[in-house]
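Q: I have a structure open and some questions about it. Can we go through a few spots together?

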Amino acid sequence: MKRHTRFGAIAAAALLAASACTPPLDIKNNDAPDVLRALATPSDVKNVAASSLNTWYIYATTYEPYLMFDVTADRATSNYGNFGMRFNNEEPRIPYGNSSSGSDRGVAETPWNGQYGALGAANDALRAFKAGVKLSSEAETDQYKTLAMFSQAAALTELGLIFDQAFVVDENSEGIPKLSKYQDVITAAMTKWDAVIAASNGKTYEYPTSILPLDKVKFNGTTLNRIANTFAARTLAYSARTKAETDALSWTRILGYADKGISGNAGASFDISVLGDGYVNWYADFPAAINSLWGVPVDVSIINMMSPNVPAKFDGTKVAPGPVHDARLQATSAFDADGNYITGSADFSYEGYVVGQVARGIWKQSPYFYERYHYYGWDTSPGAEGAQPYTLAAENDLLIAEALCRTNGDLARAATLINKTRVGRGHLTPASAGDGAAKLLTYIAYEQDIELFSVVNGLYQRRRLDNLQLGTPRHLPVPAKELETLGLPIYTFGGATQNPGGK
Amino acid sequence: MAFTTPRAWPWRLASAARLFALLLLLTGVAGAQSITISGKVTSEAGQPIPGANVAVSLQNQFYGAVAKDQGTFSFTVPAAVGRGQTTTMTARMFGYGPVKKTVTLTGSSMTVDFVMKADPFRLTELVITGVATETSLNKVPFSIAKVDAAQMKEVPASSPIAALAGKVSGTRIELASGEPGAAPTIRLRGATNLGVGASTPLILIDGVITKFSMADIDASDVENIEILKGAAAASFYGSDAANGVINITTKRGKNGAEGEMQIRTRSEFGSSDIEHYVKTNHSHYWVLNADGSFKVDASGARTMKADGIMDAPYPTSGPDMWRDQLKTYLQGGSFYSNNVQLAMKRGNTNFATSFTSDHDQGIMPMRDGFFRQTARLNVDQAVNPKIDMSMSVTYGTSKYDLPQGSTGAWFPLLQAPPDLDLKWPDAKQTTIPYFPKLPVSKGGALRENPLYNLSVASTAYNRERFLGSASVRYRPFEWLKMDASYGTDRSNRRNNNYTPRGSLTATAQPTDGSLSNSSSNDVAENMQVNAIASKLWFGNLNTTTRASYLVEKFHEVYAYAGGTKLNVSQVPDMSALDPSLLNVSSYNRMMNTVNYMVSQAFDYKDRYVLDALYRKDGSSLFGPDARWADFYRVAGTYRLTEDFQIPHVQELRLRAAQGTAGLRPGFSDQYETYSLSNGQYSKNQLGNKDLKPAIQTEKEYGLNMQFLNRFDLEVVKADRRTVGAFLAVPLSLAASGGFRNQVQNAATIGAKTMEYSLQSNILDRPDLKWTVGLTADHTTQKIEKLGRAAFRVNADGSQGQDVFYYREGEPLGIIYGQKWVHNPQQLLDNPANKSNPAFSLDNYVVNSDGFVVLKANLGKMSEAPIKYIDGTGNDNFVIGDVNPDLSFGISNTIRWKSFAVYALFNGEKGGDIYNFTKQWMTQDERTAMQDQGSRPVADRRPSGFYQQLYNALNANDVYVEDGSYVKLRELSVSYTFSQRLLEKAQVSRLIKGAKFALIGRNLKTWTNYSGFDPEVSSGNDFNFRIDGFKYPNFRKITGQFELTF
């Protein structure tokens, strides 16, 4: 009996010890919050709103699809397979490979995923504000609500500019939305820009530098309002897929926005220039690639515009520039006899070497590189550091000038705006009202290509003027992966037979 | 060699262990009144069997001894306990069947002799894994393989898992990376999931559920390894066991002679090199001067020949001569391994301890490779007749100086231009060795000097590992055993990467340097309580009932900080980093599991065995609405030859089992997450509250037969289905509000395996023994259900192109890509050609490489192969299958007098490899395929043709190669010094045994594969047999000296 008692005591102790060791099975994920936690407190909502802007910026300046866009629009060139640059640089053009398993799938998937990520976060924040979340003051609530609205408008803009159709979703959306044509996506984006402009009008609040670290100017109610106006102007202008659509745009409306933008009548001009932090939070991959002396050289057709002795099509013969018409092209070789690089002082430079294999298409090579913001490029350390314009005040100037030309406006003002860079940086002969609207429009197109070379508008600018090779896709299809998820047929654009109005 | 202070700790540990053991010994002194039992253990031939273990059980306590050199043994039992008792004495010895004798203890001394019968196939050996209690191999109703120290000792392996290669059927083990210190990839039978790198089985070491690299564990410490290959056997281990279970038992002091300290030392020294180099291009397409030198223009640039054919020779001397950069720089690395083992048994206590220090330099230039020190202490102590306890501790440290898994150094080295001296590549840069920017004429715009980063950047990867377990066993009644155990596996890892400020980029631009530090501190714990009741009913029905309760905890803590700008030169400290360019991240994950199990086994007349179990697992890794999962097993075996005599067949056993086991999801899989990076939020995955374990159900049928007294055959058929395998299912982002995917129990994977194993004792004479072991298996696997659209899989991040494609209804492990047209008729399938009235086959021709090309382009730089497009416009096809038709291993041991030769071959027949390395090298024109110099002039193709094969790294059939191979994996030729020789040398008092061996690892590979080694896989997974600039396996030749004291 005693033996059994002792055994019972030991067994009970063992069971007690075992149950005491029983660990909890409900464990919180402390590394990544869920939506409830991400939006649990007003300050969290504020952070989500701020993060949505960062997500928009990262994806609005990354490699995909913008490197492919620049290459297929013949501004830059490359024979590397990375980022869709090689196969969308074939001549004659071939269709974009819209496949969830294709090597170029990232061209469509990256902006789709990225911008819906930004949009989803912005909508979450706006939904929280709508549900009554209040920050420290009404003014602050208003300030961050406007910021989320800005991300919402900016993300919808990218979707409307890049894809032929997309989903329009906002904080009021319920259920599974339907795909909308790009015109409707742009309309939705413009509605949001109008809302941002209205919400920020006359506001004096200031955002911390961590939210959007701008160079030279502060990110506050006023600058946000002016940036939103510029974005609204370029959204509308670049939404056109063809020359006919460009002609049909409301240029009066564009002028109205641009005049209140980062240049124009609203105050001193400024560039939307973001301070890179070396690939921590604020970095822009596209300009880092474009400003490198390596994988994405300048298409010689661009050089030919500044130095006609350089053939517009590269045939393997490395032709140094001269005579040079535009000061933005370095007149002398940037490459000494020893093969060592000499830092140039101009935007475009002749490096004397080509990269990649000639067998992939000789036109995919070029000995010319862009180095206006070389300090930001791939081949610097750490890279993506310093001021990098998302766009320049010059872009807003050119939109004003174009709108003036297209609305029988003040051509003298238009010429002055064009000359800011045409003469100021390119040292070209001044444009004047006497050149007439048509001529001024060609100067504007030239400045768009040369002055705004590293701005993410290569395809947008050239498609709206029908300045693309036959068969170049004018926008991207919905990514195949998304179509597969939705059970919709897969389609694509590009190829010799698909280019209404192509040149 | 003087040990520095940090290395002295193992000796201090050993001293402490001795003191501890001594203290324990003092508690175990036998009582004064005793009965002495002595005797002799011999074989049937009358030979003494030293080492045999003789024991008797009295009042639930074991008393016993180990036979000495002449087979004699002697031990005492307390008279108060034993006198007058009738009990069973048992003699056991590895390689012999156990012998039992019933004795009645009388007087103060008695003699009992044993004659043991050889059991070369160890059928009567006991196993402990997956069964309720210790069970003879020949009564286990499912597959369990056992590998003993004897099978691993001839060629010491880098880790216990590596030691299994080629020795167990149905077990695939490869060193996917030859990197020193890397753990091998292992898979038991087929795939269980569609994740990358998730085939690793559950591994236990002395009861500790391990979570970290097996490369930290010294294989010399291993006593035996038991392997359960699938759910039918592994259901015992529940929701973490669908990949099978490997149970490692380390050496303890229990097998030594009473009171004698056993000391064994082993030293091994040697060197490493590459056995099979990748062949490269010896020709080029530049215009040459009459004297054979390169013709250059004013800027120093070379001119391409008009035909673009790479058939011109490099100069035979001077700076532009051809060099074999691989042979020049892949060093013959050094290797050493020193091991000391001590063991002792005395009274109620035994202990075993060991210390190992080894170094494997590898073959990467400018790197010291992998250094490791491990120490182990195992102690067993009987407290009283009913209670005993055990403790095991392993501590190890290691360091390595290359980023683990990095392909960075191999990529440029394989593509390095052959016509320059990499040490001084640029004549104008005479102060910076390995100057990064290569001269423009020699690829300067394309690649950097592969050796520059190795020369300036540094990596320090340090690991610290602790494994500890303690258990106590209590036997309150004859029929009941209870035990409780605790095990912990702890791993601390630190990683430091430093590039000095001022080091140069590939284009020779000075950088600000970079520095990063990361640390991982992970702790796994498991606690278990078991009660096992065994009883013999009616004299012939033995029942065993077991109830278990197990708790597992796993805690991972990681922190990273780094920056890309050092404000101060030559100070590799975090405080020198520019604070505006910092990157920080961390995670802190806790995973808990609680498991209950009951099992019941019936053994009727030693010939009918039935086993059943039920287990319930609750895990924090399962979704909150699916916290608990159930597992079961039913298994039976029938020993036919116990009922029927079959001529020449000693044993014939049939068995069948069906069971379930699971796989747990990853930590974050159930959660809805916003990703956080440097304080920024972004939407990531949608949560899944219903996430449950993937459940594998396996049916297994086996036949075991011993015949002709020298053969042991096992044939197993295993058919498994894993339902609810995890997949990240993509979501419509707009519909999900920005979430990209959700982890779901979406897929079903089927796998069928046939396994064959034949062990044979071909010769067994006193002076000549020859044993041969053959293992072979064949596995087919299929994605029965995918639960999402077909998708490409990237086997791992860098240099692991996604040539694999998952599609419902197709085999797992197939390579998808484009095919080139080799027959003009294939062009007629293409709808575009069909609808083109101008299309004519007359415009095409087959070139000398067998590809169809446009006739007009033949011989021109524009000559291009043509992709096959079928009638539906599809250009993506199955172009390869990584699954071999047969995997096999052949081991041979021949002993003649004092000499022994051991050789292990293993290999695979069939199974494709995607040679991604070669595809990359095509871009830089470094492959032997592009070398036209040795071809007949009429067959030479322009370089442009091969650039099309490169195909922007998209998968195509040119780079699919047959991966069949046979490898002489292990070879050992040894000589054991006889006792007479030791006596002659007058060292026999000090040295009991001495052995010298020459050892080769990866000595020779027979294959048609063109890469370094066909033993390649990626992502730690056999489904991804892709060669992507991994550290290749290398050959190692060493000498080893072993002494026993």
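A: Helices here are DSSP runs of H or I with at least four residues, numbered from the N terminus. The model is a predicted one. In chain A, A:Pro65 lies in the loop between helix 3 (42–60) and helix 4 (66–72).

Q: What is the peptide bond from A:Glu64 to A:Pro65, cis or trans?
A: That bond is cis, with omega near 5°. Another cis peptide bond joins A:Glu91 and A:Pro92, where omega is about -5°. A:Pro92 sits in the loop between helix 4 and helix 5 (105–130) of chain A.

Q: Now phi. Which sign does it have at A:Lys216, positive or negative?
A: Positive, about 70°, although A:Lys216 is not a glycine. A:Lys216 is in the loop between helix 7 (182–200) and helix 8 (221–238) of chain A.

Q: And is B:Phe1029 buried or exposed?
A: B:Phe1029 is buried, because its relative accessible area is 1% and buried means under 20%. B:Phe1029 also has a positive phi, about 60°.

Q: Switching to the sheet in chain B: what order do the strands 48, 47 and 51 take?
A: The order is 48-47-51, in an open sheet with mixed pairing. Strand 48 (960–962) and strand 51 (1026–1027) are at the edges with a single partner strand each, so one side of each has no neighbour in the sheet.

Q: What packs on that sheet?
A: Helix 10 (residues 916–923) of chain B does, touching strand 47, strand 48 and strand 51.

Q: How do strand 47 and strand 48 of chain B pair, parallel or antiparallel?
A: Antiparallel, over three bridges. B:Tyr914 stands opposite B:Val960 in strand 48.

Methods: Residues are numbered from 1 along each chain as its sequence is written. Chains are lettered from A and ligands numbered from 1 in the order in which they are written. This is a predicted model: local features need pLDDT of at least 70, side-chain atom pairs count only at pLDDT 80 or more; totals for chains, interfaces and linings use all residues. Side-chain values use heavy atoms; hydrogens and water are left out. Two strands pair if DSSP finds at least two bridges between them. Helices (H or I, at least four residues) and strands (E, at least two) are DSSP runs, numbered from the N terminus. Contact means heavy atoms within 4.5 Å. Axes are lines fitted to C-alpha atoms, for helices over the stretch in contact, and angles run from 0 to 180 degrees between N-to-C directions. Buried means under 20% relative accessible area, exposed over 50%, partly exposed in between (1.4 Å probe, protein chains only).
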